[in-house]
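Here are a few short exercises to work through with the structure open beside you. Try each one yourself before reading its solution.

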Amino acid sequence: MIIVMQPGATDAEQQGVINRLEQEGFKVHLSRGIERTIIGAIGDKTRLKCETVAALPGVEKVVPILQPYKLASRDFHPEDTQVEVGNHVVGGPEVQIIAGPCAVESRAQLLEAAIAVREAGATMLRGGAYKPRSSPYSFQGLAARGLEFLAEARERTGLPVVTEVMDQNLVAEVADVADVLQIGSRNMQNFALLQAAGQTGKPILLKRGLSATIEEWLLAAEYILNEGNNQVILCERGIRTFETYTRNTLDLSAVPAVKHLSHLPVIVDPSHGTGRRFMVAPMARAALAAGADGLMVEVHPNPQEALSDGSQSLNPEEFATLVKEIRPIIAAGGRPGEEWAS
Ligand code: PEP
Ligand code: MN
C-alpha cells in the first residue's frame with residue numbers, strides 16, 4: 001500500500017505510522033517529497049488493513065499498489081533508483097557504456113578488447129566467462145579461467161566487470177570477480193538463481209527474457225528486490241517476434257514503459273537486439289534518445305574470428321565511432337526525468 005501523509009504531518013506522526021507498519025512485519029520505504037511524504041509498505045494486508053492505516057494520525061490517504069510487482073513499482077518508490085558500480089552510477093545523470101566481447105576467448109583477446117573500449121570511452125567492461133549457448137556443441141566459455149582474465153583486465157584498465165552467472169551453484173565464484181552479475185535472457189525466470197544472485201548484495205544486470213512481457217520482467221526483478229537488494233539494472237535486449245530479418249526485435253518502447261512503471265534504471269543492448277553489426281549504432285542512438293540509462297555493446301578485436309556473436313560485434317574503430325555519435329544525443333538531453341510519472 002502507498003500511504004500519503006498530510007502536508008503538515010509531524011515527524012512523530014510519520015514515525016508512528018512506520019512503527020505500526022514494521023510491527024506488523026511490513027517492509028517500508030520512505031519518500032520525502034517537497035510538499036508531502038509518501039510511505040510505501042509491502043506486507044500482509046490481513047494483518048493490517050488499508051482502512052486501519054488510513055485512520056492513523058497524520059495520514060491523508062492510503063492507496064493500494066495495484067501492480068503485481070510491488071518493490072519494483074514506481075508507486076512504492078517514486079524516485080529513480082541509482083545503482084553504484086565502482087565510481088559510476090547507473091540511473092544517474094551519466095550514461096553508462098558497457099562494452100566488450102560476447103565471450104572471453106583468451107587473455108590476449110580480452111585485454112585487447114578491454115583497452116580498446118576504455119580508450120573509446122566505455123565505462124564498464126563486459127565479457128562472458130560462462131556462456132549460455134543455444135547449442136551444446138558451440139563454444140561454452142572459458143569458465144574459471146575467463147574470470148581470471150576479467151579480473152586482470154579490470155586491473156589493467158580500471159573498468160568494472162559485468163559478467164554472466166548462469167547457475168545458482170556458481171554465484172559465489174562469479175560474484176568473487178564480477179562488479180555486476182549479469183542474469184541472461186534465458187535465465188530471467190530462473191527464480192532460484194535470481195534469489196541467490198540477489199543475496200550477494202552485488203548489482204545485478206537483469207536481461208529481459210526472450211519472450212517476456214514487461215510485467216514478467218519486473219516480477220523477475222521483484223525476486224531480487226525481495227532479497228533486500230535494490231541494486232538492479234534492467235536490460236532490454238530484444239524479444240522474439242515473427243520478424244526474422246533481425247535476430248530479435250529490439251523493443252525500445254520498453255524504455256519509457258519501464259521508466260513509467262518502475263524506479264529501476266534501464267539500459268539497452270542493441271547487439272543482441274538486432275544481431276546485425278550495421279544496425280547496432282543506429283539502435284544505440286535511438287535507445288539513448290528514448291531515455292535509456294546506458295548501453296551494452298559487443299566489441300571484439302576481430303569480429304570475423306569471434307567464437308560467438310561475431311556478426312553483431314563491432315570492431316574497436318566502429319565502437320569508437322558509435323561513442324562519438326552518441327555524444328550529441330546525450331548532450332541534447334534525451335533522458336528526461338519528470339515525465340515518467342505521468
Ligand atoms: C550476452 O550478453 O552475451 C547474452 C548471452 O545475452 P542474452 O542473455 O541477452 O542473450
Ligand atoms: Mn553475445
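The exercises below deal with a ligand site and then with helix packing, all in a predicted model.

**Exercise 1.** Find which residues come nearest to ligand 1, and describe the character of the shell around it.

*Solution.* Start with the surroundings: there are 13 residues around ligand 1. Those that come nearest are Arg126, Lys131, Ser185, Arg186 and Arg237. Next, sort the shell by residue class: seven of its residues are charged, four are polar and two are nonpolar.

**Exercise 2.** Locate polar contacts to oxygen atoms of ligand 1, then state how much of the ligand the protein buries.

*Solution.* Take the cut-off first: a polar contact here is a pair of N or O atoms within 3.5 Å. Now check three residues against it.

- Serine 185 uses a backbone N or O atom, which sits 2.8 Å from a ligand 1 oxygen.
- Lysine 207 brings a polar side-chain atom to 2.9 Å from an oxygen of ligand 1.
- Histidine 272 also offers a polar side-chain atom, at 3.4 Å from a ligand 1 oxygen.

Finally, turn to the area: ligand 1 on its own exposes 300 Å², and 97% of that is buried by the protein.

**Exercise 3.** Describe how helix α11 packs against α3 and how it packs against α10.

*Solution.* Recall what to look for: a pair of packed helices is described by the angle between the axes and the distance between them.

Begin with α3 (residues 107-120) and α11 (residues 316-331), whose axes come within 9 Å and cross at roughly 25°. Angles under 35 degrees count as roughly parallel, so α3 and α11 are roughly parallel to each other. Their crossing is right-handed.

Then take α10 (residues 277-289), which packs with α11 at about 20°, the axes being 9 Å apart. Therefore α10 is roughly parallel to α11. The crossing of α10 and α11 is right-handed.

Technical notes:
Residues numbered from 1 in each chain as written. Chains lettered and ligands numbered in written order. Predicted model: local features only at pLDDT ≥ 70, side-chain atom pairs only at ≥ 80, totals over all residues. Heavy atoms only, no water. Near = heavy atom within 4 Å. Polar contact = N/O pair within 3.5 Å; in protein donor to acceptor, adjacent residues only side chain to side chain. Areas by Shrake-Rupley, 256 points an atom, 1.4 Å probe, with all protein chains shown as cover. Nonpolar A, V, L, I, M, F, W, Y, C, P; charged D, E, K, R; others polar. Axes fitted to C-alpha atoms, helices over the stretch in contact; angles between N-to-C directions. Helix = DSSP H or I, 4+ residues; strand = E, 2+ residues; numbered from the N terminus. Parallel < 35°, antiparallel > 145°, perpendicular 65-115°, else oblique. Left-handed = near helix turned anticlockwise from the far one by under 90°.
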